[in-house]
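Dear colleague,

I am handing over the structure below, and after it you will find notes on what turned up when it was examined. Please read them with the coordinates open beside you.

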Amino acid sequence: MLHLLKNTLDLPFMNYLSIQFGISFGISFLIMLLFGNTFINWTRKWQKRGQPIRDDGPQTHLAKAGTPTMGGILIVASILASSLIAMDYSNPFPWIALGVMTAFAMLGFADDWGKVYKQSAYKGLRARTRLIIEGFVAIGAAFAIDSFMPASIAPTSIYLPIFNDVIIPLGLFYFVFAFFVIGGTANATNITDGLDGMLSKIYLTVMFVMLVVTLSVARLDLASYMTGPYIPDATGLIPVIGATIGAVLGFLWFNSKPAQIFMGDVGSLALGGLLGTIAMITKHEIIMGIAAGMMVLILMSSFLQIYYFKFTGGKRLFKMAPLHHHFEQLGWAETKVVTRFWIISILFCCLALALLKA
C-alpha cells in the first residue's frame, strides 16, 4: 500500500526538499489526528489500569493514575509510514535513522510492558540491560553511518563546527562517543518526559534546529556558508524530520494538560535515539547537545541527585529529581514548569543556531 502510494507521488516536483518535508509532515500529522482518539480508546481497553504513577513523586500526579500510556506506538508508526512515502529508498541515511528509532521503540515497549503489566513504575527493564542494548544499537548505527559517509569525511572522527570545523580523529573511541550521543540523547528525552506536553514542546524546538542543520550540510550553497562538513546524502533525512515534527505536533494535541495519553518509553526512547542518530549523520553532535540543553540539564539533575545522595549519606541536592519535580515541590504549577522550561529550551536552540555560523 505504501509502495503504491509512493509510486503515485513519485513525480518530478518530489525532488524538492520542501515538498518532501511538507508531504511527510502533513501525512504524519493527519495520521495522529485521525487515529489519535481511536488509539487512545484501544489502549484504555487493553491496558485497563493504565500508567502506574511513582509513589514518591509529586502528590498532584496521583490524579494521573490510570491514564493510558505507550502513545509512542502511534508516533513511531506515523513516522515510519510518512517517511516511507516521501523518502528516497536508495539513500542509506534515512534507513539508518528509522532503524535506530525502531530499535529504541522496541526497547521502550519492553520497558513499558513490564511497568503496565506489573503495575509498578519500577518494574520495567533493568537499567543495566537497557544500557547494554542501547550500546549495541548505537555502535551498530555508528558503524553504518561511518561506512556510508562521503570520501571527503574523515572516518571515525568528530567535527567541531563551532571551532572552524576542527576535526578530531577518535579511532575506536568513535563508537564510545556514539553510545554517549545516541544512548545519552535517548535517556535524556526519556527523563524529560515527566510532565504533560513538556517533552513534545522541547523536542519540537530541538528538531527544528536539526532541520536547519541538515539543510546546512546537505546543500552545497549552504554548506559553504555555514559551519560543518558537506554531506549531500543528508538530504534523505528531510522527510524523516518532517514526519517526526508532524507526529510529535499531532501527539501534543492529545498530550497537552490534562493528558489523554502518555508517550511512554516506547515513544521517548525512540525519539531520542532518532535525534541522536540525526546528529551523528550530520556531524553536528555538539550543536544538537547545545540545542537540547534543557534536556541535558534534566538528565544531569538525576545523576547529581543520585551521587550526591550516596556521597553525603542520604542528603538531597534537589527536593526531588528530575529537575522539573524539584520546581513542582517548590510550589510551581505543572503548566508553569512546562512553559518556563520550554522558554529556556528555545533560548538554547537560538544559541545553537547562532553557533552554526560562528
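Phenylalanine 39 has a relative accessibility of 12%, and because the limit for a buried residue is under 20%, phenylalanine 39 counts as buried. Its neighbour in this account, tryptophan 42, is partly exposed, with a relative accessible area of 45%. Both residues belong to helix H2, where they are three residues apart, or about one turn of the helix. In general, an α-helix has 3.6 residues a turn, so residues three or four places apart point the same way.

Please bear in mind that this is a predicted model. The protein chain has an average pLDDT of 87, with 86% of the residues scoring at least 70. Among its elements, the highest mean pLDDT, 97, belongs to helix H9 (residues 238–255), whereas helix H1 (residues 2–9) has the lowest, 53.

Helix H2 deserves a longer description. This helix covers residues 17–47 and carries a kink of about 50°, the centre of which is phenylalanine 35. The buried residues of H2 include Leu17, Gln20, Ile23 and Ser24, and also Gly36, Phe39, Ile40 and Gln47.

As for aromatic contacts, the structure holds ten aromatic pairs. In one of them, the rings of phenylalanine 25 and phenylalanine 29 have their centres 6.0 Å apart and their planes at 5°, so this pair is stacked. The ring centres of phenylalanine 39 and tryptophan 42 are 5.7 Å apart, but here the planes stand at 45°, and the pair is therefore tilted. Phenylalanine 25 and phenylalanine 29 are separated by about one helical turn, because they are four residues apart in helix H2. Phenylalanine 25 has a relative accessibility of 24% and so counts as partly exposed. Ring pairs also join Phe21 to this part of the helix, in that Phe21, Phe25 and Phe29 are linked into a cluster.

A contact of another kind involves arginine 340, which lies over the face of tryptophan 332, at 4.7 Å from the ring centre.

The backbone has some features that you may wish to look at in turn. Lysine 257 and proline 258 are joined by a cis peptide bond, for which omega is about -5°, and proline 258 is situated in the loop between H9 and helix H10 (264–282). A cis peptide bond also runs from alanine 321 to proline 322, with omega near 5°; proline 322 lies in the loop between helix H12 (293–311) and helix H13 (323–329).

Positive phi values in residues other than glycine also appear. For methionine 70, phi is near 65°, and this residue sits in the loop between H2 and helix H3 (72–86). Methionine 70 has 0% relative accessibility, so it counts as buried. For lysine 283, phi is near 60°, and the residue is found in the loop between H10 and helix H11 (285–291). Is lysine 283 buried or exposed? Its relative accessibility is 0%, and lysine 283 therefore counts as buried.

With best wishes

Technical notes. Residues numbered from 1 in each chain as written. Predicted model: local features only at pLDDT ≥ 70, side-chain atom pairs only at ≥ 80, totals over all residues. Heavy atoms only, no water. pLDDT = per-residue confidence, 0-100. Helix = DSSP H or I, 4+ residues; strand = E, 2+ residues; numbered from the N terminus. Bend = angle between axes of the 7 residues up to and from the residue. Buried < 20%, exposed > 50% of the residue type's maximum accessible area, 1.4 Å probe, protein only. Phe/Tyr/Trp six-rings, centres within 6.5 Å; stacked < 30°, edge-to-face > 60°. Lys NZ or Arg CZ within 6 Å of the ring centre and 35° of its normal.
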